[in-house]
Amino acid sequence: MRTLLVGLDGVCLPVLEPLFADGVVPTLESVFADGVVGDLDSQLPPWTPSAWPSLYTGVNPGKHGVFDFLSFDGYDWSLVDRSDVHEHAIWELLDQRGLTSVVVNVPVTSPARPFDGALVPGYVSPEEPACHPEGLLDDLREEIGEYRVYAPAHESDEEAIDWYDRLIRMRGAAFRHLCAEYDPHFGFVQFQQTDTVFHERPEDDEAVRTVFSAVDDELATIIEECDPDTIIIASDHGIGPITSGEFRVNTFLRDQEFVRTTTGEGGMPSWGSLAREGGDTATLAQRVVQGASAIGLTSQRIGRLLEALRLDDFVLQHVSKETVHAATERVDFPASTAYMRSRTELGVRINKAGRDPEGVVSPSEFPSVRDDLIAALEAARTPDGDPVFSAVLPSEEVYEGPFVDETVDIVTVPADFDVYLSAAIRDDAFGPTSQAWNHKPTGIVAMTGLGVDPSIPLGEAHLFDIAPTVLSSLGVPPSDRMDGETLAPVSSVEPIEYAPFTTRDVEAADTEAVRAHLSNLGYLEEEQ
């Protein structure tokens, strides 16, 4: 293996430093000590389903097209997957140069596109994901035993912590087995539990130590067995405590008369209220619920999303049918001037005529309406009198590419990322936060090995720089469409023009399988 890329979801120096001090992660500590290490600026929004595609393509969301857990078609939605990412991944560009790759557990990689190597998808895929090559998951389970994307339903804290450990061990075992089978030039393994543990139990030292100790053990064994020439460790974003409470954007916009609400038939109960009604037990389903950001969903669609993630049975144990069908106040998207349709999109969408199905803002009015919204949001203050947002920006100042018009029209950046944004409708725009910890915009990157000059500082490293750095470490030219550059400690290779991304080379059978799966879940049916 020439280059090993290790993805640690939600990891940053403030998380790692106490673990270094206590000797919990000696392998990570040695990699950091032997090479170069520094902060890695994430993107907007700094959330898993958009950030990992940015990392593995090297382009901003305006070019690859994924901004959130959900993709939207008017007021309708579906859960994102690899077919929503409109740019070549690192391993696909390596395939064009005759190099083999093994990729395990990277988010938003299902259904896998064909390339020379093996891929087992990670987060937001179904529990039985479409791997590459076909039949790989069954073969993998025959060789290493149980392999799951998510933990099954569990009752006790002890079982939850045990599943953190077991899932991490599965990632390492799968990766090492596939590397032995395929002998790749490039390996990419991602660990999701480093983020999960801080969302679910941030104050539980035993759980945090269990997760990072398991990751460190697996990394040590991977390095020993795969013997990579170069090691790159990177996270998609950081994570930390929220101390300034919750700002409910749609409640604020309702009070400013931009949002219209409804409680009538056909209205949409809030994911956020549904998650909170579910009790204190934090589950993957609740993370998806909160990650899907309190957008409105009918009870039928709640079931479809949970079924897609194989979580429907568990959620029904914790969420009453009365809660699912409750007639709560919620955003009436077609009747509203503007709204936050998804918390993790990190912004506000204007209901524009000619673009949105029942748009109420004409193209000629759009600039002035957006200016009014920006002014109102910039003036928003916390109960202590501090600005809610450090920046309120037109989307074209943040994103570049053909998909900019598919996301929010205004990007809202929380002040110091210490205000939890919510899309829920409540009596008050401010309240106590529903999550004690949340994402921060600064992650971590470390590099060591052949081709890494530890005497050269990283400089201002960005998430978009990881893909070109990986390619340069393998002697492969980055794409000239990439927004990042090769990090200075690695000798850069001059970017070249690659053929435009197209979905035509996806195997027809894979496409039909995905369509059949989505159809079974109701995603391809028009909601009545």
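**Notes on the predicted model**

1. Overall confidence first: the mean pLDDT (the predictor's confidence in each residue, from 0 to 100) is 86 for the protein, with 82% of residues at 70 or more. This is a predicted model, where local features need pLDDT of at least 70, side-chain atom pairs count only at pLDDT 80 or more, and totals for chains, interfaces and linings use all residues. Residues are numbered from 1 along each chain as its sequence is written, and side-chain values use heavy atoms, leaving out hydrogens and water.

2. Go easy on two stretches. Residues 265-301 stay under 50 in pLDDT, and so do residues 311-327. Where pLDDT is low, the predicted coordinates should not be read in detail.

3. Helix α9 covers residues 205-226. Its 22 residues should span 32 Å at 1.5 Å a residue (times one less than the number of residues), and the end C-alpha atoms, 31 Å apart, agree with that. At the N-terminal end Asp 204 acts as a cap, with a side-chain oxygen 3.1 Å from the backbone nitrogen of Glu 206. Just past the helix, Asp 227 has a positive phi of about 50 degrees.

4. Ser 235 sits in the loop between β8 (230-234) and β9 (238-241). Ser 235 counts as buried (under 20% relative accessible area, 1.4 Å probe, protein chains only) because its relative accessibility is 1%. Its side chain reaches the backbone oxygen of Val 11 at 2.7 Å, and a polar atom of that side chain lies 2.8 Å from the backbone nitrogen of Ile 444.

Key:
Contact means heavy atoms within 4.5 Å. Helices (H or I, at least four residues) and strands (E, at least two) are DSSP runs, numbered from the N terminus. A polar contact is a pair of N or O atoms within 3.5 Å; within protein, one must be able to donate a hydrogen and the other to accept it, and residues adjacent in sequence count only if both atoms are side-chain atoms. Buried means under 20% relative accessible area, exposed over 50%, partly exposed in between (1.4 Å probe, protein chains only).
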